[in-house]
Amino acid sequence: MKIQVAILAAGNSSRLGRPKQLVQWQGKPLIRYVAEEALAISDPNVTLEHCVVVGAYAEAVAEVLHSLPLQILINPDWSEGMASSVCVATQYAIQHQADAILFALTDQPFVNTSLLEQFILTYLEVNDSGCVVVSDYGSDWGVPLLIGAAYFESLLQLKGDSGVKRYVKQRQLAVKKVTFLRGLIDIDTEHDLMHLQERQ
């Protein structure tokens, strides 16, 4: 069983006005924090591959990740929306014959290793390429989100701002859920960042 962990970090953080990937969290750039948490996943039943999709600030983001054992994937079409990054990650997964992709974002600071491991455990329990495991925020659900290889080819058809969450909702796919009540906390504005830093 091979699972690809794909962190989507190609956006230009237009509402924040500076790269959210590089804001400080737990003493390091946020993208490095998320990447290190993903790299710490351990499960003897799976082979893990890790990638980060970069775009708007590709050089700067790649620089803070340069010492980590993961693949940097360049999305030249990042300005076209989230779908382009999903497609880049999915194409890489197909090329490397992954059985599933675990998608994560760079702006959810409360993502951690134990949370991500729950997605893999849930997927292994179902053991079905048509399985989808989502984050349960309580009032909504979304990413991190794990999706099986049965959907890879159709994910490549996504366009614009359609991310994997919208893909699952539009097709009304059955989902398994992992509780992540702090998943709604993300960084879009300076106010979000200030409020978050006060909680560190």
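The exercises below, each with a worked solution, deal with a predicted model.

Residues are numbered from 1 along each chain as its sequence is written, and side-chain values use heavy atoms, with hydrogens and water left out. Because the model is predicted, local features need pLDDT of at least 70 and side-chain atom pairs count only at pLDDT 80 or more, whereas totals for chains, interfaces and linings use all residues.

**Exercise 1. The two sides of helix 2**

Task: Find which residues of helix 2 are buried and which are exposed, and say what covers the buried ones.

Solution. Start with the terms: buried means under 20% relative accessible area, exposed means over 50%, and partly exposed lies in between (1.4 Å probe, protein chains only). Helices (H or I, at least four residues) and strands (E, at least two) are DSSP runs, numbered from the N terminus.

Step 1. Helix 2 spans residues 58–65, and its residues Ala58, Val61 and Leu65 are buried. They lie on the same side of helix 2, because they cover an arc of only 75° around the axis, the arc being that of the directions from the helix axis to the C-beta atoms. An α-helix has 3.6 residues a turn, so residues three or four places apart point the same way.

Step 2. Glu59 and Glu63, on the other side of helix 2, are exposed.

Step 3. The cover over the buried residues of helix 2 includes helix 1 (30–39), strand 4 (47–54) and strand 5 (71–74).

**Exercise 2. Helix 1 and its residue Leu39**

Task: Work out how many residues of helix 1 are buried, and then describe the surroundings of Leu39.

Solution. Step 1. Helix 1 is mostly covered, since 8 of its 10 residues are buried. These buried residues are Leu30, Ile31, Arg32, Tyr33, Val34, Ala35, Glu37 and Ala38.

Step 2. Leu39, which also lies in helix 1, counts as partly exposed at 23% relative accessibility.

Step 3. Contact means heavy atoms within 4.5 Å, and, not counting residues up to four places away in sequence, Leu39 touches His50, Leu68, Pro69 and Leu70. Leu39 and His50 are 11 residues apart in sequence, and their C-alpha atoms are 7.2 Å apart in space.

**Exercise 3. Two residues of strand 5**

Task: Decide whether Leu73 is buried or exposed, and set beside it what holds for Gln71.

Solution. Step 1. Leu73 has its place in strand 5, and so does Gln71.

Step 2. Leu73 is buried because its relative accessible area is 10%, whereas Gln71, with a relative accessible area of 36%, is partly exposed.

Step 3. When residues up to four places away in sequence are not counted, Leu73 touches Cys51, Val52, Val53, Val54, Val88, Ala89 and Tyr92, while Gln71 touches His50, Cys51, Val52 and Tyr92.

Step 4. The C-alpha atoms of Leu73 and Leu8 are separated by 9.6 Å, although these residues are 65 residues apart along the chain. Gln71 and Tyr92 are 21 residues apart in sequence and 9.9 Å apart in space, C-alpha to C-alpha.

**Exercise 4. The largest nonpolar core and strand 8**

Task: Name the residues with the most contacts inside the largest nonpolar core, and follow one of them, Leu145, to its neighbours.

Solution. Step 1. A nonpolar core is a set of buried Ala, Val, Leu, Ile, Met, Phe, Trp, Tyr and Cys residues joined through side-chain atoms within 4.5 Å. The largest has 71 residues, and Phe103, Leu145, Leu146, Ile147 and Leu155 have the most contacts inside it.

Step 2. Leu145 touches, among others, Phe103, Phe119, Val134 and Val168, again not counting residues up to four places away in sequence.

Step 3. Pro144 lies in strand 8, and the peptide bond from Val143 to Pro144 is cis, with omega near -5°.

**Exercise 5. Positive phi in two loops**

Task: State where Asn127 and Gln172 lie, and whether each is buried or exposed.

Solution. Step 1. Asn127 lies in the loop between helix 4 (113–126) and strand 7 (132–136), and Gln172 has its place in the loop between helix 6 and strand 9.

Step 2. Asn127 is not a glycine, yet it has a positive phi of about 55°; Gln172 is not a glycine either, and its phi is positive at about 50°.

Step 3. Asn127 is exposed, with a relative accessible area of 54%, and Gln172 also counts as exposed, at 73% relative accessibility.
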